[in-house]
Amino acid sequence: IKFFIPRYARRRLLIIRNSKTIEEITSYLEKNPHIGYDVVSQIKEDSGESNPKIIRELIVEKKIDTLVIPSHFLKKDLPTTRLVYQLLPLKIEILNSIDFFELIFQKIPLDELDEGWFIKEITLRRRFYDLVKRGIDILLSLVLGIFFLPPGLVIGVFTKMSPREGPVILKQKRT
């Protein structure tokens, strides 16, 4: 559910652009200001504006409280990781583009995902969850089976007693 958010409560965004996903986010936010985000400034990643000093000045000058960065900025051993680290004392929220896309659209941008996302997000071993779910499934089916058995029997008896002839349980051969 998306609510109208007054101007004083909106988040002020600085977006570092580098992909179609971020352009889609920016376009959507500009068309839908009621969501609660104001795109105050945008920087192209490959421009000279994306150095830490200029970004820091923009954040302070324009009172930015949320920075949206490309997802690859936080990869290990990249200079952009140091850039993001240097911005931590400003106490702003820093979101990568994939997480922000998911926050806004409630879905994940598939063209931005790499193999690492699948390794991190999809796990095959969830034993506790699988065990609890199986137990709840069995318990719920027993309770509902006991609850619906008497009405099912009554409906079966009424069906057999109806003027139409035929079985209570219909069987057919289908191709």
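Student: How many helices and strands does the protein chain have?

Tutor: Keep in mind that this is a predicted model. From the N terminus on, the elements run β-α-β-α-β-α-β-α-α-α. Tally them up and the chain has 6 helices and 4 strands.

Student: What share of the residues counts as buried?

Tutor: To count as buried, a residue needs under 20% relative accessible area. The protein chain has 175 residues, and the share of them that passes is 27%.

Student: And how much area does the chain expose?

Tutor: Carbon and sulfur atoms supply 60% of the exposed area. The total for the protein chain is about 13,500 Å².

Student: Which residues are joined into one network by salt bridges?

Tutor: Let's start with Asp-137 and Lys-133, whose side chains meet in a salt bridge at 3.0 Å, N to O; both lie in helix α6, 4 residues apart, about one turn of the helix. Elsewhere, Arg-11 meets Asp-65 at 3.8 Å, and Arg-11 also forms a salt bridge with Glu-93, with the closest N and O atoms 3.1 Å apart. Salt bridges that share partners make one network, and its members are Arg-11, Asp-65 and Glu-93.

Student: Why does the pair of Glu-93 and Arg-11 tie together parts that are far along the sequence, and how many residues apart are they?

Tutor: Glu-93 and Arg-11 form a salt bridge. Glu-93 sits in strand β4 (residues 93-96) while Arg-11 sits in strand β1, so their pairing ties together parts of the chain separated in sequence by 82 residues.

Student: Is Arg-11 buried, partly exposed or exposed, and which class does it get?

Tutor: Buried means under 20% relative accessible area and exposed means over 50%, with partly exposed in between. Arg-11 has a relative accessible area of 28%, so its class is partly exposed.

Student: Where do helices α1 and α4 meet, and what is the handedness of their crossing?

Tutor: The axes of α1 (residues 20-31) and α4 (residues 97-105) come within 10 Å and cross at roughly 35 degrees. Among the residues making the contact are Ile-25 and Tyr-28 of α1, and Phe-101 and Ile-104 of α4. As for its handedness, the crossing of α1 and α4 is left-handed.

Student: What is the area of the nonpolar surface patch that includes Leu-144?

Tutor: Leu-144 is in helix α6 (residues 127-161), and at 40% relative accessibility it counts as partly exposed. Its partners in the patch are Phe-128, Val-132, Ile-136, Leu-140, Phe-147 and Phe-148. Together with Leu-144, they make a nonpolar surface patch of about 750 Å².

Methods. Residues numbered from 1 in each chain as written. Predicted model: local features only at pLDDT ≥ 70, side-chain atom pairs only at ≥ 80, totals over all residues. Heavy atoms only, no water. Patch = residues over 30% accessible without salt bridge, like charges linked within 9 Å, V, L, I, M, F, W, Y side chains within 5 Å. Areas by Shrake-Rupley, 256 points an atom, 1.4 Å probe, with all protein chains shown as cover. Salt bridge = Lys/Arg side-chain N within 4 Å of Asp/Glu carboxyl O. Helix = DSSP H or I, 4+ residues; strand = E, 2+ residues; numbered from the N terminus. Buried < 20%, exposed > 50% of the residue type's maximum accessible area, 1.4 Å probe, protein only. Axes fitted to C-alpha atoms, helices over the stretch in contact; angles between N-to-C directions. Left-handed = near helix turned anticlockwise from the far one by under 90°. Contact = heavy atoms within 4.5 Å.
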